Amino acid sequence: MGIILISYLLKQNKILILYFFQNIISYNNDAEKYQKRLENLLKYFSKHNIKDGSYKNFYVMGGESNYLFKCNEEATLYSVPENEWRHYKKFVDYDTVQEILNISEKCLEKVIKDFGLCAQIQRKEKSIGLVPNKIPSLNIKNEQKNYMIKYEVLEEAVIRIKKEIIKNKITAPYCAFNGGQDLWVDVGNKAEGLLILQKLLKIQKKKCCHIGDQFLHSGNDFPTRLDLYIFCSLTLWVSNPQETKACLKSIMHLNIKSFIPEVLYENQ
């Protein structure tokens, strides 16, 4: 049902569907890996959204705001050349990127030590994560499972990282995100990604709707609600895929402007 709704909305050409992924391990700028995650959706596009060209309205923003992909006429994803969109992104120099990652790594090392975690730190080009190790299963012989990091410990780690980044007066966009079972810190965030796409596609803020399920301070949707960005777009807070489907169905039948009080987007 969700796939059909997305396909239908693309056909209406009234709304752009944007998929954001947290910086999944080793995905980086690899379109094929994102494509695999969206395999069923893209297969549906191949049958219903190619002939009318509505597939062109589908974008994927990866690594919060670091990688951009688009759907082609073969219903596969390809990386959008950086010279087409990077100028809309705030420049963050190499030293600042490394400073954010170094601060985060130091905090995560301390968290592992303080709480005796069976976990590892994974560092990439523009992100760093705290990921649970595999441990033997108590129920099934010769089988392993992920070590469980308590939610509160992940929250503590996010707080420590944010505190240190603020202490060091770093102003570059970033996101420290509690994923429930792991934690990632990215240089860049969804607010920046949203603003990049609005500028690239010439979409007014008042005509955007960001649907997410992580709007608490440790979630990766939280930056879209920060005062720093004033008003990125309308936001809808959902708890599960069923609520997302319900929101999409509502948008199908409503003028999105009717959701937003005039005062919120006056002069935007």
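Which elements do the buried residues of α4 pack against? They pack against β5 (119–123), β6, α5, β9 and β10. Let's use that helix as our way into the structure, keeping in mind that this is a predicted model.

How far can we trust what we see? Across the protein the pLDDT averages 83, and 85% of the residues score at least 70. Helix α4 is a good place to begin, as it has the highest mean pLDDT of the elements, 97, while helix α8 (residues 262–265) has the lowest, 41. Over residues 255–268 the pLDDT is below 50, although this stretch still has 19 contacts in the model beyond near neighbours in sequence. Where pLDDT is low, the predicted coordinates should not be read in detail, so let's go back to α4.

Start with a quick check on its length. The 22 residues of α4 should span 32 Å at 1.5 Å a residue, and the C-alpha atoms at its two ends are indeed 32 Å apart, so the two values agree. Now look at the ends themselves. At the start of α4, a side-chain oxygen of aspartate 93 comes to within 3.1 Å of the backbone nitrogen of aspartate 95. Just after the helix, glycine 116 has a positive phi of about 60 degrees.

What about the middle? Several residues of α4 are buried, including Val97, Ile100, Leu101, Ser104, Leu108 and Val111. Try following those numbers along the helix with one idea in mind. An α-helix has 3.6 residues a turn, so residues three or four places apart point the same way.

This brings us to the largest nonpolar core, which has 27 residues. Ile100, Leu117, Leu130, Ile161 and Leu183 are the members that touch the most others. The elements giving two or more residues to this core are α4 (94–115), β6 (127–132), α5 (151–167), β9 (174–178) and β10 (183–187). Helix α4 supplies the largest share, 8 residues. For a close-up, pick leucine 117: setting aside residues within four places in sequence, it is in contact with Val111, Ile112, Leu130, Tyr147, Ile149 and Val153. There is also a second, separate core of 20 residues, and among them are Tyr27, Tyr55, Cys71 and Leu77.

Tyr55 leads us to another spot, since it is one of the residues touched by asparagine 49. Asparagine 49 sits in the loop between α3 (39–48) and β2 (58–62). Is this loop residue buried or exposed? Asparagine 49 is buried, because its relative accessible area is 0%. Leaving out residues up to four places away in sequence, asparagine 49 touches Ser7, Leu10, Lys11, Tyr44, Ser54 and Tyr55.

Two other loop residues make a nice pair. Alanine 75 lies between β3 (67–71) and β4 (77–79), and lysine 202 lies between α6 (190–201) and β11 (209–212). Neither is a glycine, yet phi is positive in alanine 75, near 60 degrees, and in lysine 202, near 55 degrees. Their surroundings tell another story: alanine 75 counts as buried because its relative accessibility is 7%, whereas lysine 202, at 70%, counts as exposed.

Finally, a word on cysteines. How many disulfides does the structure hold? The count is 0. Cysteine 175 is buried, because its relative accessible area is 2%, while cysteine 118, with 26%, is partly exposed.

Methods: Residues are numbered from 1 along each chain as its sequence is written. This is a predicted model: local features need pLDDT of at least 70, side-chain atom pairs count only at pLDDT 80 or more; totals for chains, interfaces and linings use all residues. Side-chain values use heavy atoms; hydrogens and water are left out. Helices (H or I, at least four residues) and strands (E, at least two) are DSSP runs, numbered from the N terminus. Buried means under 20% relative accessible area, exposed over 50%, partly exposed in between (1.4 Å probe, protein chains only). Contact means heavy atoms within 4.5 Å. A nonpolar core is a set of buried Ala, Val, Leu, Ile, Met, Phe, Trp, Tyr and Cys residues joined through side-chain atoms within 4.5 Å. The expected span of a helix is 1.5 Å times one less than its number of residues. A polar contact is a pair of N or O atoms within 3.5 Å; within protein, one must be able to donate a hydrogen and the other to accept it, and residues adjacent in sequence count only if both atoms are side-chain atoms. pLDDT is the predictor's confidence in each residue, from 0 to 100. A disulfide is a pair of cysteine sulfur atoms within 2.5 Å.
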